[in-house]
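Work through these exercises with the model open beside you. Each task is followed by a solution in short steps.

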Amino acid sequence: MGCGRFGQQSAAAELQTYIEANVAYIDTHRKQVRVLTAIAMNFTDEDGRTQLTHDASVYGTSLAPLQDLLERGQRAGEFRDFNTRTMAMTVRAAIDVIGPQLSVIPDLDLDAYARDLVSLFRHATTKEARP
């Protein structure tokens with residue numbers, strides 16, 4: 001799922017919406033995600049060698065909208081200073097790991113997972129108040 005400006009929401013609210021919407025989509029497509037994950041994890045070339053399908057380059061420019069959201073949060077003084085590409089890759093990876101987890105834990109509580117991710121990334125991005 002892409003991200004963009006959701007009305008007049010703060011960057012933190014947009015990040016929360018991004019995480020919740022991605023996890024909710026996976027939750028409503030569990031079977032399809034498990035099948036796609038199995039295909040990706042077992043993909044081999046013509047010589048039968050397993051191909052790395054999830055290396056750092058897999059995201060290409062698809063992280064740009066999420067990275068933009070994080071940069072806007074920094075410019076607005078809402079987010080602390082961090083490398084926005086690293087944070088965007090980490091958010092995506094935390095969402096993308098759900099597929100392999102569903103293969104092992106088909107009834108994984110994705111509502112709780114989404115809440116945990118929102119909390120985790122709120123703490124990771126929020127600028128600390130100065131006394």
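Is Asp68 buried, partly exposed or exposed? The model is a predicted one. Asp68 has a relative accessible area of 34%. Buried requires under 20%, and exposed requires over 50%. Asp68 is therefore partly exposed.

**Exercise 1. Find the salt-bridge partner of Asp68 and place the two residues along their helix.**

Step 1. The partner is Arg72, and the closest N and O atoms of the bridge are 3.2 Å apart.
Step 2. Asp68 and Arg72 sit in helix H3, residues 64–75. They are four residues apart, so about one helical turn separates them.
Step 3. Check the cover on Arg72. Its relative accessibility is 13%, so Arg72 counts as buried.
Step 4. Look for further links. Glu14 joins Asp68 and Arg72 in a network of salt bridges.

**Exercise 2. Describe the salt bridges of Asp96 and Arg30.**

Step 1. Start with the total: the structure has four salt bridges.
Step 2. Asp96 pairs with Arg92, with 2.6 Å between the closest N and O atoms.
Step 3. Both Asp96 and Arg92 belong to helix H4, residues 84–96. They lie four residues apart, about one turn of the helix.
Step 4. Classify each partner. Arg92 is buried because its relative accessibility is 13%. Asp96, at 25%, is partly exposed.
Step 5. Turn to Arg30. It bridges to Asp27, and the closest N and O atoms are 2.8 Å apart.
Step 6. Arg30 has 18% relative accessibility and so counts as buried. Asp27 has a relative accessible area of 28%, so Asp27 is partly exposed.

**Exercise 3. Work out on which side or sides of helix H1 the buried residues lie.**

Step 1. Define the helix. H1 covers residues 11–28, which makes 18 residues.
Step 2. Check its span. From first C-alpha to last, H1 reaches 26 Å, close to the 26 Å expected at 1.5 Å a residue.
Step 3. List the buried positions of H1: Ala11, Glu14, Leu15, Tyr18, Ile19, Asn22, Val23 and Ile26.
Step 4. These residues cover an arc of only 155 degrees around the axis, so they lie on the same side of H1.

**Exercise 4. Classify the aromatic pair.**

Step 1. Recall the two descriptors: a pair of aromatic rings is described by the distance of the centres and the angle of the planes.
Step 2. The structure contains one such pair. Its rings belong to Phe79 and Phe82, with centres 6.3 Å apart and planes at 45 degrees.
Step 3. Apply the cut-offs. Under 30 degrees counts as stacked and over 60 as edge-to-face. At 45 degrees, the pair of Phe79 and Phe82 is therefore tilted.
Step 4. Check burial. Phe79 is buried, at 2% relative accessibility. Phe82 is also buried, at 11%.

**Exercise 5. Name the residues of the nonpolar surface patch and give its accessible area.**

Step 1. The patch is formed by Val35, Leu36 and Ile39.
Step 2. Together these residues have about 300 Å² of accessible area.
Step 3. Locate one of them: Val35 lies in helix H2, residues 30–41. With 45% relative accessibility, Val35 counts as partly exposed.

**Exercise 6. Summarise the fold pattern and the extent of burial.**

Step 1. Count the elements: six helices and zero strands.
Step 2. Read along the sequence to get the pattern α-α-α-α-α-α.
Step 3. The protein has 131 residues, and 31% of them count as buried.

Notes. Residues numbered from 1 in each chain as written. Predicted model: local features only at pLDDT ≥ 70, side-chain atom pairs only at ≥ 80, totals over all residues. Heavy atoms only, no water. Phe/Tyr/Trp six-rings, centres within 6.5 Å; stacked < 30°, edge-to-face > 60°. Buried < 20%, exposed > 50% of the residue type's maximum accessible area, 1.4 Å probe, protein only. Patch = residues over 30% accessible without salt bridge, like charges linked within 9 Å, V, L, I, M, F, W, Y side chains within 5 Å. Areas by Shrake-Rupley, 256 points an atom, 1.4 Å probe, with all protein chains shown as cover. Salt bridge = Lys/Arg side-chain N within 4 Å of Asp/Glu carboxyl O. Expected span 1.5 Å × (residues − 1). Arc of directions from axis to C-beta.
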